[in-house]
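User: I would like to learn how to read burial, contacts, salt bridges and helix packing from a model. Can we start with burial and go on from there?

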Amino acid sequence: YSIFINFWDYYVYSLIIFLAALCISIIIGLFITYVTILLPQKLNEGVSRIISLLESLPDLFIIIIIQFTVIYYFQQTGTLLFPVAGSSQNNTYFLPIFSLALIPSFMIYRINLHLVNEEWKKPYIELAKSKGFNKSYIFFSHVLRNIVPSLFSHSKTIVLYLLSSMVIFEKLFNIYGIFTFITSYPNPNVIAFTLIMFFLPVFILYALITTLIEKNTGQRLEW
């Protein structure tokens, strides 16, 4: 079909945003978890409350706040930090990726913190502490390795959340991605082909990560 001539531009653009947001959300979630466990108990609880509050905010509200902040800064200084919307000629990356990754990073943090707190109660943690190992060493050498399988299982929810959010993000950031392509060509064959092509790299990525986790932890993961 002639409509697939421009398909790859839409496809690659959406895939970059999606995979970048997924990776960044995992990194931010793990980093906040790591920082939280280093804090005293009262500060730890305070950070958890703040993150829970931020997680409850609607996507639309967060996007508007981010876009308004960038525009307000531009009005005050004359410097546009990042494009707040894309066009058919110019793609925007930073704000869509950052905004899309924000809520999932809070979700990953909440999951991580629960898993880490459960892991922190196990006997081997006390043994490691008695040998003089600090929290950073225990977290990265033992705890993180043990929670990865559970985190990976929960990540499917994050992937579905990102996919559903991309529909809204493409409209608000004027992104010419696959959902824009689908709405432009609402043909069943086009929709089926587009979704299969989009899920294929995600499936391959999950298959590779599953193999790596099973090889390094010895745990069998269920899809």
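Analyst: A residue counts as buried when its relative accessible area is under 20%, as exposed when that area is over 50%, and as partly exposed in between. The model here is predicted. Take Pro96, which lies in helix α4. Its relative accessible area is 1%, so Pro96 is buried.

User: Which residues is Pro96 in contact with, leaving aside its neighbours within four places in sequence?

Analyst: A contact means heavy atoms within 4.5 Å. By that criterion Pro96 meets Ile17, Phe169, Phe173 and Ile175. Separation along the chain can be set beside separation in space: Pro96 and Leu39 are 57 residues apart in sequence, and their C-alpha atoms are 31 Å apart.

User: Where is Ser105 placed, and is Ser105 buried or exposed?

Analyst: Ser105 is in helix α4, which covers residues 94-120. With a relative accessible area of 0%, Ser105 is buried. A polar atom of the Ser105 side chain lies 2.4 Å from the backbone oxygen of Leu102. If residues up to four places away in sequence are not counted, Ser105 touches Ser25, Ile28 and Gly29.

User: What does Ser25 touch in turn?

Analyst: Ser25 lies in helix α1, residues 7-38. At 0% relative accessibility, Ser25 counts as buried. With residues up to four places away in sequence again left out, Ser25 touches Ala101, Pro104, Ser105 and Ile108.

User: How many salt bridges does the count come to?

Analyst: The rule asks for a side-chain nitrogen of Lys or Arg within 4 Å of a carboxyl oxygen of Asp or Glu. By this rule the count comes to three. One of them joins Arg49 to Glu45, with the closest N and O atoms 4.0 Å apart. Both residues lie in helix α2 (residues 41-55), four residues apart, about one turn of the helix. Arg49 has a relative accessible area of 59% and is therefore exposed, while Glu45, at 35%, counts as partly exposed.

User: Which residue forms a salt bridge with Lys121, and which with Glu119?

Analyst: Lys121 pairs with Glu118, the closest N and O atoms being 3.8 Å apart. Lys121 is exposed at 64% relative accessibility, and Glu118 is partly exposed at 39%. The side chain of Glu119 meets that of Lys122 in a salt bridge at 3.2 Å, N to O. In this pair Glu119 has a relative accessible area of 7%, so Glu119 is buried, whereas Lys122, at 37%, counts as partly exposed.

User: How should I read the packing of two helices?

Analyst: Two packed helices are described by the angle between their axes and by the distance between the axes. Here helix α5 (residues 123-130) and helix α6 (residues 135-172) pack at an angle of about 170°, with their axes 11 Å apart. An angle over 145 degrees counts as roughly antiparallel, so α5 is roughly antiparallel to α6.

User: Which residues meet between α5 and α6, and how do they divide by character?

Analyst: From α5, the residues are Tyr124, Ile125, Ala128 and Lys129. They meet Ile138, His142, Val143 and Asn146 in α6. The residues of this contact divide into five nonpolar, two polar and one charged.

Technical notes. Residues are numbered from 1 along each chain as its sequence is written. This is a predicted model: local features need pLDDT of at least 70, side-chain atom pairs count only at pLDDT 80 or more; totals for chains, interfaces and linings use all residues. Side-chain values use heavy atoms; hydrogens and water are left out. Axes are lines fitted to C-alpha atoms, for helices over the stretch in contact, and angles run from 0 to 180 degrees between N-to-C directions. Helices (H or I, at least four residues) and strands (E, at least two) are DSSP runs, numbered from the N terminus. Angles under 35 degrees count as roughly parallel, over 145 as roughly antiparallel, 65 to 115 as roughly perpendicular and the rest as oblique. Ala, Val, Leu, Ile, Met, Phe, Trp, Tyr, Cys and Pro count as nonpolar, Asp, Glu, Lys and Arg as charged, and the others, Gly among them, as polar. Buried means under 20% relative accessible area, exposed over 50%, partly exposed in between (1.4 Å probe, protein chains only). A polar contact is a pair of N or O atoms within 3.5 Å; within protein, one must be able to donate a hydrogen and the other to accept it, and residues adjacent in sequence count only if both atoms are side-chain atoms.
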